[in-house]
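Trainee: Hi! Could we look at this one together?
Mentor: Sure, let's open it up.

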Amino acid sequence: MSDLTPTALITGGSRGIGRTVAFTLAAAGYQIYFTYVSRPEAAQQTVADIEAAGGSARAFCLDSGDSEAVSRFFAEEIKGKVHLSVLVNNAGITRDTLVLRMKDEDFDAVINTNLRGAFLFLREAAKIMTRQRAGRIINISSVVGQMGNAGQINYAAAKAGLIGMTKSAAKELGSRSVTVNAVAPGFIETDMTASLAEDVRKAYVSAIPLGRLGSAQDVADAVAFLASDKAAYITGQVIAVNGGLYC
Ligand code: NAP
């Protein structure tokens with residue numbers, strides 16, 4: 001390894017699952033770089049909270065789906081500046097509605113952020129990690145990409161696409177000791193699920209064998225495991241963190 005600072009880069013690290021992943025990887029000793037797109041105050045709060053806990057973090061306003069901005073970010077902030085140990089492709093959005101009502105924009109926006117954005121980061125990270133002959137890439141998919149969900153054709157397609165991307169990249173990058181895995185969370189308590197109607201939430205909980213929604217920490221612990229030395233021989237896999245919802 002170079003003498004540059006071992007760094008974990010997390011897309012969408014200002015809130016929710018990404019924020020908890022950032023804390024967990026900071027506690028594991030990584031310098032944290034994370035992106036956000038619309039809420040600078042949440043990003044600054046996350047930086048301050050990680051630093052208050054003894055870690056080191058920087059936040060970057062960067063739209064995952066913007067090819068040019070992603071390339072520029074890697075050229076200006078990553079290449080030759082830090083040792084990129086871990087990439088967590090976490091940034092994600094929803095634009096839910098039934099297929100008969102879904103507009104082109106709803107489909108394109110979700111694919112652009114959740115799937116194309118992950119590809120852009122993975123491609124840049126792969127260039128660096130293959131040269132290093134070391135690296136961990138972890139893509140945050142979803143149980144919805146495995147089992148489907150009414151009202152989420154766009155989101156399910158993006159999350160299923162991430163699984164195919166994970167398995168293909170694992171095959172391409174394995175010979176350079178770069179592992180690529182996915183974590184597929186079930187229903188997790190974050191802003192993304194906060195707006196669920198009470199009856200919908202109850203229906204989800206009744207379908208989960210462990211009888212509760214998951215926490216962001218449940219997901220972050222799986223990510224930290226995949227980033228750790230203990231997962232050195234695991235690649236191309238999907239770890240489900242769903243309370244048994246789909247198994
Ligand atoms: P969340 O609370 O809504 O947070 C989303 C994060 O992504 C925020 O930091 C947001 O930044 C950032 N983001 C959104 N669009 C972005 C873009 N274009 N470029 C860069 N950053 C962007 O979401 P979450 O529930 O933590 O979900 C995190 C990931 O887990 C997503 O990929 C989601 O699909 C997946 N997941 C979630 C659940 C669940 O039940 N919550 C289940 C399965 C999978 P700003 O605040 O600045 O907009």
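**The pocket and its ligand**

Mentor: Let's start with the lining of the largest pocket: by class, this lining has 17 nonpolar, 20 polar and six charged residues. Keep in mind that the model is predicted.

Trainee: Okay! Which residues lie nearest the centre of the largest pocket?
Mentor: Those are Gly92, Ile93, Thr94, Thr190 and Met192, out of 43 lining residues.

Trainee: And how much space lies in the largest pocket?
Mentor: About 1000 Å³. The ligand takes up the space of this largest pocket.

Trainee: Cool, on to the ligand then. How many residues surround the ligand?
Mentor: There are 31, and the closest include Arg15, Ser38 and Tyr155. Sorted by class, the shell around the ligand holds 12 nonpolar, 14 polar and five charged residues.

Trainee: Which helix gives the largest share of the shell around the ligand?
Mentor: That's H7, with three residues. H7 spans 191–194, and among the other elements that supply at least two shell residues are helix H1 (16–27) and strand E2 (31–36).

Trainee: What lies 2.5 Å from an oxygen atom of the ligand?
Mentor: A polar side-chain atom of tyrosine 155. With asparagine 90, a backbone N or O atom is 2.7 Å from a ligand oxygen. Glycine 12 also has a polar backbone atom 3.4 Å from an oxygen of the ligand.

Trainee: How much of the ligand's accessible area does the protein cover?
Mentor: The protein covers 95% of the 900 Å² that the ligand has on its own.

Technical notes
Residues numbered from 1 in each chain as written. Predicted model: local features only at pLDDT ≥ 70, side-chain atom pairs only at ≥ 80, totals over all residues. Heavy atoms only, no water. Near = heavy atom within 4 Å. Polar contact = N/O pair within 3.5 Å; in protein donor to acceptor, adjacent residues only side chain to side chain. Areas by Shrake-Rupley, 256 points an atom, 1.4 Å probe, with all protein chains shown as cover. 1 Å grid on protein atoms, 1.4 Å probe; cavity = no way out; pocket = protein on both sides within 12 Å on 5 of 7 lines; lining within 4 Å. Sits in = over half its atoms within 2 Å of the grid points. Helix = DSSP H or I, 4+ residues; strand = E, 2+ residues; numbered from the N terminus. Nonpolar A, V, L, I, M, F, W, Y, C, P; charged D, E, K, R; others polar. Points joined across faces, edges and corners; volume = space filled by probe spheres on them.
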